[in-house]
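Please look over the model shown here. The report is meant to be read alongside it.

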Amino acid sequence: MDSIILLLHVLGATIWTGGHIVLAVGILPTVLRENSPAKLLEFESVYEKIGMPALLIQVITGIAMAYRMIPDVFQWFDFSNPIAHLIVSKLCLLLLTIVIALHARLRLIPALSASNLKLMAWHVIAVTIISVLFVVVGVSFRTGWFY
Ligand code: HEM
């Protein structure tokens, strides 16, 4: 069961982080060059259907793995334990992702135009960098990079 949870977590990571890198590096430069919100919306409408379930799977499997590592949830915030640093880092990255994604989804995307395209681009870049940090922190559970 543990290995299935890890497999789902890694599969979700390929979709979430990979999808954002494709968007930021492959699509965003053309969108900005052509000043074309339509191209961004087209990608968003397709990616949303895969990316959102992937993020949900990340959260569920991530919480399950954190729970297996430290079964007392209050100990997740005990900073004398190095594993707690990583779990809290993941939770902070998640909070940041939710705030930025909600602002983009609820405020920017419904009225996306040439005038707020640059602001939307910064949102995409921020969520992409955070998605890579999720992977870096994730891998460091095994490599011990941060402790
Ligand atoms: C989009 C969000 C996320 C991405 C892209 C992501 C990515 C990753 C990756 C690539 C690993 C390494 C897996 C391995 O060791 O082979 C990992 C491990 C881990 N992640 Fe995440 N993660 C995300 C969200 C979360 C969340 C919300 C939590 C909850 C606290 C979490 C908790 C963990 C834990 C506990 C591990 C260690 C698993 C192990 O080494 O056995 N992750 N993550």
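The sections below go from the whole chain to its pocket and then to single residues.

## Overall fold

This is a predicted model. The protein chain has four helices and zero strands. Read from the N terminus, its elements run α-α-α-α. The helices cover residues 2-33 (helix 1), 37-69 (helix 2), 82-108 (helix 3) and 117-143 (helix 4).

Along its principal axes, the C-alpha trace spans about 50 × 30 × 25 Å. Consider the contacts with a sequence separation of 6 or more: 66% of them join residues 24 or more positions apart.

## Surface and charge

The chain has 147 residues, and 38% of them are buried. The exposed area is about 8700 Å². Carbon and sulfur atoms supply 74% of that area.

The protein chain carries 9 positive and 7 negative charges. The mean positions of these two sets are 7 Å apart.

## The largest pocket

The largest pocket has a volume of about 760 Å³. Its lining consists of 28 residues. Nearest the centre lie His9, Met65, Lys90, Gly138 and Phe141.

Which helices supply the lining? Helix 1, helix 2, helix 3 and helix 4 each give at least two residues. The largest share comes from helix 2, with nine residues.

## The loop between helix 1 and helix 2

Two residues of this loop are described here. Asn35 lies in the loop between helix 1 and helix 2, and its phi is near 50°. That is a positive value in a residue other than glycine. Most residues other than glycine have a negative phi. Asn35 has 44% relative accessibility, so it counts as partly exposed.

Ser36 is found in the loop between helix 1 and helix 2 as well. Is Ser36 buried or exposed? Ser36 counts as buried, because its relative accessibility is 15% and the cut-off for buried is under 20%. Leaving out residues up to four places away in sequence, Ser36 touches Val31 and Leu117. Residue 117 is where helix 4 begins.

## Phe43 in helix 2

Phe43 is found in helix 2. Its relative accessible area is 16%, so Phe43 is buried. What does Phe43 touch, not counting residues up to four places away in sequence? The partners are Gly19, Val22, Leu23 and Ile27. Helix 1 covers residues 2-33, so these four partners fall within its range.

Phe43 and Ile87 are 44 residues apart along the chain. Their C-alpha atoms are separated by 31 Å.

## His103 in helix 3

His103 is found in helix 3. At 33% relative accessibility, His103 counts as partly exposed. The range for that class lies between 20% and 50%.

Which residues does His103 touch, not counting those up to four places away in sequence? They are Leu108 and His123. His103 and His123 are 20 residues apart in sequence. In space, their C-alpha atoms are 8.7 Å apart.

## Recap

The predicted model has four helices and zero strands. Every one of these helices supplies at least two residues of the lining of the largest pocket. Of the residues described above, Ser36 and Phe43 are buried. Asn35 and His103 are partly exposed.

Note on methods: Residues numbered from 1 in each chain as written. Predicted model: local features only at pLDDT ≥ 70, side-chain atom pairs only at ≥ 80, totals over all residues. Heavy atoms only, no water. Buried < 20%, exposed > 50% of the residue type's maximum accessible area, 1.4 Å probe, protein only. Contact = heavy atoms within 4.5 Å. Areas by Shrake-Rupley, 256 points an atom, 1.4 Å probe, with all protein chains shown as cover. Lys, Arg positive; Asp, Glu negative; His and termini not counted. Charge placed at Lys NZ, Arg CZ, Asp CG, Glu CD. 1 Å grid on protein atoms, 1.4 Å probe; cavity = no way out; pocket = protein on both sides within 12 Å on 5 of 7 lines; lining within 4 Å. Points joined across faces, edges and corners; volume = space filled by probe spheres on them.
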